[in-house]
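Q: I have a structure open and want to learn how to read it. Can we go feature by feature?

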Amino acid sequence: MSVKVLSVHVPQGKMPLYGAKPWTFGHGYSAYFDCVIDGVEGQLHVNFYEGYKLDFCSAPWPWSIKVPQFLDDPAYDVCAGAHDVGFGLEGYVKGLNKKLKAGEVDDIIRGGWRCWGMSRFFASTADMFLVFAHTKRHWGADQYKCKDKAELVWVPNV
């Protein structure tokens, strides 16, 4: 299976977050990615519900200079949020016939950042460091005990 992100769509305004490291959703928030998954075009929705906690991006220094943890820019931040949801749910996507692999969830953050405007070099390199540093301990992790408060949903184009 492969995932190609074509565009990122977020509601106008800021994400309804409070706190920091972890950030917590004060109420529901949804965004979506126009994607191609296994050759099928559609929308990959990420739904965050009240109480979902996440740390967004944790790229190590010096990559964190160009790939900050949080920008308060929903089009950037939702990519890392969708990555956290995908990893927390071990690739489970409602409406998809099989689970995404870790590398395919990585395609979401990397492809989303490219759509946001990040260079291919920084998006790919930051993702490589995330994979190297976090994949095994992050896959299926629910450090904030809230993975039931977010979901990924696939809606193929008809």
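Q: How much space lies in the second largest pocket?
A: Start with the general idea. Rolling a probe the size of a water molecule over the atoms shows where empty space is left. This is a predicted model. Its second largest pocket holds about 180 Å³ of space.

Q: Which residues line the second largest pocket?
A: Val-3, Lys-4 and Val-5 are among them. So are Asp-107, Arg-110, Gly-111 and Arg-114. Arg-120 and Ser-124 complete the lining. Strand 1 (3–9), helix 2 (102–116) and helix 3 (120–138) each give two or more residues to this lining.

Q: Which element gives the most to that lining?
A: Helix 2, with four residues.

Q: What is the make-up of the lining by class?
A: Five residues are charged, two are polar and two are nonpolar.

Q: Now the interior. Which members of the largest nonpolar core touch the most other members?
A: The general idea comes first. In soluble globular proteins, nonpolar side chains tend to be buried together. Here the largest nonpolar core has 41 residues. Phe-33, Val-46, Phe-48 and Trp-113 touch the most other members. Elements that give two or more residues to this core include strand 4 (29–37), strand 5 (40–48), helix 1 (74–88) and strand 7 (150–156). Helix 1 gives the most, with seven residues.

Q: What does Phe-33 touch, beyond residues up to four places away in sequence?
A: Its contacts include Val-5, Leu-44, Val-46, Val-78, Ala-82 and Ile-108. Ser-7, Gln-43 and Gly-112 are also among them.

Q: On to strands. How many bridges join strand 4 to strand 5?
A: Nine, and the two strands run antiparallel. Use one pair as a landmark: Tyr-32 stands opposite His-45 in strand 5. The hairpin of these strands has two residues between them. In that hairpin, look at Asp-38, which takes a positive phi near 50°.

Q: How does strand 5 pair with strand 7?
A: In the antiparallel sense, over seven bridges. Val-46 has Leu-152 in strand 7 as its bridge partner. Val-46 also belongs to the core described above.

Q: What is the strand order in the open sheet of three strands?
A: Read the order as 2-3-6, with antiparallel pairing. Strand 2 (17–18) and strand 6 (53–54) are the edge strands, each pairing on one side only. Two bridges link strand 2 to strand 3 (residues 23–25). At one of these positions, Tyr-18 has Thr-24 in strand 3 as its bridge partner.

Technical notes: Residues numbered from 1 in each chain as written. Predicted model: local features only at pLDDT ≥ 70, side-chain atom pairs only at ≥ 80, totals over all residues. Heavy atoms only, no water. 1 Å grid on protein atoms, 1.4 Å probe; cavity = no way out; pocket = protein on both sides within 12 Å on 5 of 7 lines; lining within 4 Å. Points joined across faces, edges and corners; volume = space filled by probe spheres on them. Nonpolar A, V, L, I, M, F, W, Y, C, P; charged D, E, K, R; others polar. Pairing = 2+ DSSP bridges. Core = buried A, V, L, I, M, F, W, Y, C linked by side-chain atoms within 4.5 Å. Buried < 20%, exposed > 50% of the residue type's maximum accessible area, 1.4 Å probe, protein only. Contact = heavy atoms within 4.5 Å.
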